[in-house]
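Me: I've got a model open and would like to talk it through. Can we go over it piece by piece?

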Amino acid sequence: MKCPKCGSINDKVIDTRLSKDATVIRRRRECIECGTRFTTYERQEEEKIIVKKKSGITEPFDKSKIVRGIMLASKNRPVSEKQANEIAEDIEKFLIDEGKLLVESLEIGDLVQEKLKEIDVISYIRFKSVYNQFKDLKDFEKTIKEIEKNKKDQ
Ligand SMILES: [Zn+2]
């Protein structure tokens, strides 16, 4: 941090405190060159994930969209809204952990599918059919064969 008096960037932190709600870090610093003491405040910035759609349009990551997509695919299936929320939260956490703040919508679709497959295969096929725009029965057959093949491999 630049010293407000002499402009030097050499300083040492002499005290660090967190605000009550833990969103602001207050640091007391001392300039090594001239000894001036000053305070800096660091605010934690919210991580924002941007989703790039197939059309090239970008939009902010929206967990509720993932939840809605899952709930639609799992109508009358044993997938709860709580599970759908957990999937959406897991994906958000994964993207932030990986530092993927710009992500293709297709990749999000893949992540949802992977998780949905573990919970309910029928919901998974339904979701995949919408997401990957299945054109005819062959696409369904192919997916079912893949699932059966994976079962055998296990
Ligand atoms: Zn100074």
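Me: Three strands form an open sheet with antiparallel pairing; what is their order?

Reply: Quick background: this is a predicted model, where local features need pLDDT of at least 70, side-chain atom pairs count only at pLDDT 80 or more, and totals for chains, interfaces and linings use all residues. Residues are numbered from 1 along each chain as its sequence is written, and side-chain values use heavy atoms, with hydrogens and water left out. Strands (E, at least two residues) and helices (H or I, at least four) are DSSP runs numbered from the N terminus, and two strands pair if DSSP finds at least two bridges between them. In this open antiparallel sheet the order is β1-β2-β3.

Me: Why is one side of β1 and of β3 left without a neighbour in the sheet?

Reply: β1 covers 11–18 and β3 covers 37–43, and both stand at the edges. One side of each is free because each has a single partner strand.

Me: How many bridges join β2 to β3, and which residue is the partner of arginine 26?

Reply: β2 takes in residues 24–31 and runs antiparallel to β3, with seven bridges joining them. Arginine 26 has its bridge partner in β3, and that is tyrosine 41.

Me: Which residues coordinate the zinc ion?

Reply: Donors are N, O and S atoms within 2.8 Å of the metal (3.2 Å for Na, K and Ca), and water is not among the atoms, so sites may look incomplete. Here the donors are SG atoms at 2.2 to 2.4 Å. Along the sequence they're spaced C-x2-C-x24-C-x2-C. The residues are Cys3, Cys6, Cys31 and Cys34.

Me: What arrangement do the four donor atoms make around the zinc ion?

Reply: Four donors count as tetrahedral if all angles lie between 85 and 135 degrees. The angles around this zinc ion are 105 to 116°, so the arrangement is tetrahedral.

Me: Is cysteine 31 buried or exposed, and what about cysteine 34?

Reply: Buried means under 20% relative accessible area, exposed over 50%, and partly exposed in between (1.4 Å probe, protein chains only). Cysteine 31 has 1%, so cysteine 31 is buried. Cysteine 34 has 36%, so cysteine 34 is partly exposed.

Me: What is the order of the three strands in the open sheet with mixed pairing?

Reply: β4 (residues 50–52) pairs with β5 in the antiparallel sense over three bridges, and lysine 52 has threonine 58 of β5 as its bridge partner. β5 (58–60) and β6 (102–104) stand at the edges, each with a single partner strand. That gives the order β5-β4-β6.

Me: Which residues does UniProt list for "domain: ATP-cone"?

Reply: The entry is unreviewed, and UniProt annotations may be inferred rather than shown by experiment. Over that stretch the chain is 63% helix and 10% strand, with the end C-alpha atoms 31 Å apart. UniProt lists residues 49–139.

Me: Where is serine 123, and is it buried or exposed?

Reply: Serine 123 lies in helix α4, residues 121–131. With a relative accessible area of 0%, serine 123 is buried.

Me: What radius of gyration does the protein have?

Reply: The radius is taken over C-alpha atoms, and the globule rule is 2.2 Å times the number of residues to the power 0.38. A compact globule of 154 residues would come out near 15 Å. The C-alpha trace spans about 75 × 30 × 30 Å along its principal axes. The protein's radius of gyration is 24 Å.

Methods. Tetrahedral: all angles 85-135°; square planar, octahedral: opposite > 155°, others 65-115°.
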